[in-house]
Amino acid sequence: MARYELLDNVTHKDLRVVTGFGRQFGDDIGMVPAFPSEYAELQREYPIFFRKDGDSGQWQSVALLGFEQHENLFLQDGRWNAAYLPGAIAKGPFLIGFQEQRIDGELRNEPVMHVDLEHPRVSFSEGEPVFLPQGGNSPYLQHIAGVLRGIRDGVEFGAAMFAAFDSMSLIQPVNLEVQLEDKHRVSVSGLYGIDRERLAALDAGSLHRLNQAGFLEGAYLVLASLHNVRRLMAEKQRRLRERDAAAPERAA
């Protein structure tokens with residue numbers, strides 16, 4: 001169970017974060033949240049889809065990592081085989097919360113960083129130090145602060161963008177069924193994508209509004225990302241062949 005604390009360079013002066021990858025860190029997942037602020041990087045390597053949050057019913061975007069709930073086809077032998085690490089993974093045990101602070105005589109909710117001390121990456125003996133010996137922020141923590149800012153900006157921007165897409169009926173169900181080999185067929189349910197034909201059929205005014213708001217680029221980046229489904233299929237097929245080749249050895 002998560003145990004969040006406001007990050008403090010005195011209380012957490014010895015805090016470290018293990019930055020490797022593996023099932024023990026919860027990396028064996030089939031999809032992760034994707035934020036519009038990172039679409040340009042994500043679309044080079046990951047397929048981006050939409051889905052509805054089960055709790056809030058709001059739209060969110062996700063990067064697909066595999067075809068099963070606990071399948072991450074980018075994860076292998078403690079490595080993450082991609083040039084860009086999604087922000088939802090890169091942030092590790094940290095998140096942005098808000099604290100009421102008085103600034104210029106006025107109470108404001110200011111963003112502050114929290115850490116989950118029960119997160120499997122948290123350590124006090126190995127990994128990247130969070131603070132310098134003198135108490136300043138380490139380069140690792142400075143990087144994480146940038147990641148969290150991107151997530152925060154992406155969440156705010158994404159809510160407006162998804163609402164605009166939905167109002168124009170651009171978000172439509174995707175039937176993702178993949179025939180890998182004669183005996184292997186997989187399907188992923190609950191995913192949605194941008195309807196390319198509906199987008200192309202929008203009138204000039206609608207396109208202008210999307211473009212002015214910065215949303216049109218997001219729609220095209222999501223569409224461009226879909227070629228990465230083939231990359232996932234190729235990796236899935238490779239692993240199936242490895243498994244099938246190892247089966248006779250185990251039987252022997």
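Visitor: Which residues lie nearest the centre of the second largest pocket?
Guide: Arg23, Glu71, Asn72, Leu75 and Arg239, out of 14 lining residues. A pocket is an open set of points on a 1 Å grid over the protein atoms alone, where a 1.4 Å probe fits, with protein on both sides within 12 Å along at least five of seven lines; lining residues have an atom within 4 Å of a point.

Visitor: Which elements give two or more residues to that lining?
Guide: Strand E6 (75-76) and helix H7 (228-251). H7 gives the most, four residues. Helices (H or I, at least four residues) and strands (E, at least two) are DSSP runs, numbered from the N terminus.

Visitor: Is this model predicted, and how are residues numbered?
Guide: Predicted; local features need pLDDT of at least 70, side-chain atom pairs 80 or more, while totals for chains, interfaces and linings use all residues. Numbering runs from 1 along each chain as its sequence is written, and side-chain values use heavy atoms, without hydrogens or water.

Visitor: What's the class split in the second largest pocket's lining?
Guide: Seven charged, four polar, three nonpolar. Asp, Glu, Lys and Arg count as charged; Ala, Val, Leu, Ile, Met, Phe, Trp, Tyr, Cys and Pro as nonpolar; the others, Gly among them, as polar.

Visitor: Switching over: what volume has the largest pocket?
Guide: About 780 Å³. Of its 37 lining residues, Pro33, Phe35, Ala88, Lys91 and Ile151 are closest to the centre.

Visitor: Which element gives the most to its lining?
Guide: H3, with 10 residues. Helix H3 spans 139-167. By class, the lining of the largest pocket has 23 nonpolar, eight polar and six charged residues.

Conventions:
Points joined across faces, edges and corners; volume = space filled by probe spheres on them.
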